[in-house]
Protein chains: 2
Amino acid sequence: MNIGLLLYIPYRELENRIMAAVTAAGYDVTLAQARVLQRIGPDGTRLTELAEAAQVTKQTAGFLVDQLEKAGYVERVPDPTDGRARLVRITEKAQGALPVAGEEMARIEAEWEQHIGKRRMGQLREALEKLVEVTDPYR
Amino acid sequence: MNIGLLLYIPYRELENRIMAAVTAAGYDVTLAQARVLQRIGPDGTRLTELAEAAQVTKQTAGFLVDQLEKAGYVERVPDPTDGRARLVRITEKAQGALPVAGEEMARIEAEWEQHIGKRRMGQLREALEKLVEVTDPYR
DNA sequence: CTACTTTAATCAGAGTCTCTGACTAAAACA
DNA sequence: TGTTTTAGTCAGAGACTCTGATTAAAGTAG
């Protein structure tokens, strides 16, 4: 089995389950919206930064933020340090979703560790962290 | 850094580079088309099977196969064992793309091994193969 | 200070991907 | 034979993403 599929299959499982948990908790967010949402920092993040982090164009990021804003999950506030820019911030309404996602992620990691063992899980994480050094275009 | 992103970043790099290599070799295929294409077996595969393997609906798979067919990369032939079914087969035109993808993949794996070391690469593969046992819905 | 360049964001339009629901035809089964 | 299941298609809509052009603010060189 090729390494691409080996990386992708667990990733997709993780993403699907987290989305399901968030949806079950009553948050109506799509996958693309969630990918943007999780990149927003605690003090707000500029659209351009979000676009880079999520690997989409500014237009796409703007489109998704528009939807998130309409749904009340984010708000845009002026950036005090730059008159052109605005900061996208997570609203109180969306704050509750973060721990839901975090808990589901922890649950999944625990399941994985149970199956492959603590040692292998540690090796997996170590290898991936090293691999990200050469494959992440934003570091 | 969360495990999801750790899995996704190298995956995306792999996918992007393979797509770039295939495109550079003169094959005009989209990512979604490629995901279907790589699931087609040597003797042809049914649409329904492709849909399951690629994790999309039959309609979506059909839509992508239509495009691949128009571009001359696949053909549909009757399934001799089932009058309702048709086998999607890779045409000669598309055969050349497979080694291009394979070579790029091997090149990337070699680079990764160079960076993280042979030992870690082995551990990574071992851990992922074990992980796929519990995360692959199609096995 | 002024003119030029860059940067942040948006507007407009199009192409691609994916889905739900309804349907046809062949196969499998009771 | 009649019913149910399976393989695939048709129709329509929604979601995602892109390229190109534009506006406004900031930065920079003279």
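How many nonpolar, polar and charged residues does the surface near DNA strand D have? Six nonpolar, eight polar and seven charged. Keep in mind that this is a predicted model.

Let's stay with strand D. There are 21 residues around DNA strand D. Five come nearest: Gln59(A), Thr48(B), Lys58(B), Arg84(B) and Arg86(B). Now look at the DNA side. Of the atoms of strand D that come within 4 Å of the protein, 59% belong to sugar and phosphate.

Which helices are involved? On chain A, helix H4 (58–70) supplies at least two residues of this surface. On chain B, helix H3 (47–54) and helix H4 (58–70) each do so too. H4(A) gives the most, with five residues.

Next, the phosphate oxygens of strand D. Arg86(B) places a polar side-chain atom 2.5 Å from one. For Arg76(B), again a polar side-chain atom, the distance is 3.2 Å. Leu47(B) uses a polar backbone atom, at 3.3 Å.

Now the protein–protein side. Chain A puts 38 residues into the contact, and chain B puts in 38. About 4300 Å² is buried between the two chains. Carbon and sulfur atoms give 70% of that area.

What about polar pairing? Across the interface of chains A and B there are two salt bridges. One of them joins the side chains of Arg120(A) and Glu126(B), at 2.6 Å, N to O. Eight residue pairs are in polar contact across the interface, both partners at pLDDT 80 or more.

On the side of chain A that touches chain B, helices H1 (3–24), H6 (97–116) and H7 (118–135) each supply at least two residues. H7(A) has the largest share, 15 residues. By class, that side has 20 nonpolar, six polar and twelve charged residues.

Technical notes: Residues are numbered from 1 along each chain as its sequence is written. Chains are lettered from A and ligands numbered from 1 in the order in which they are written. Side-chain values use heavy atoms; hydrogens and water are left out. A residue is near a molecule or strand if one of its heavy atoms lies within 4 Å of it. A polar contact is a pair of N or O atoms within 3.5 Å; within protein, one must be able to donate a hydrogen and the other to accept it, and residues adjacent in sequence count only if both atoms are side-chain atoms. Helices (H or I, at least four residues) and strands (E, at least two) are DSSP runs, numbered from the N terminus. Ala, Val, Leu, Ile, Met, Phe, Trp, Tyr, Cys and Pro count as nonpolar, Asp, Glu, Lys and Arg as charged, and the others, Gly among them, as polar. Contact means heavy atoms within 4.5 Å. Buried area is the accessible area (1.4 Å probe) that two parts lose on being put together, summed over both. A salt bridge is a side-chain nitrogen of Lys or Arg within 4 Å of a carboxyl oxygen of Asp or Glu.
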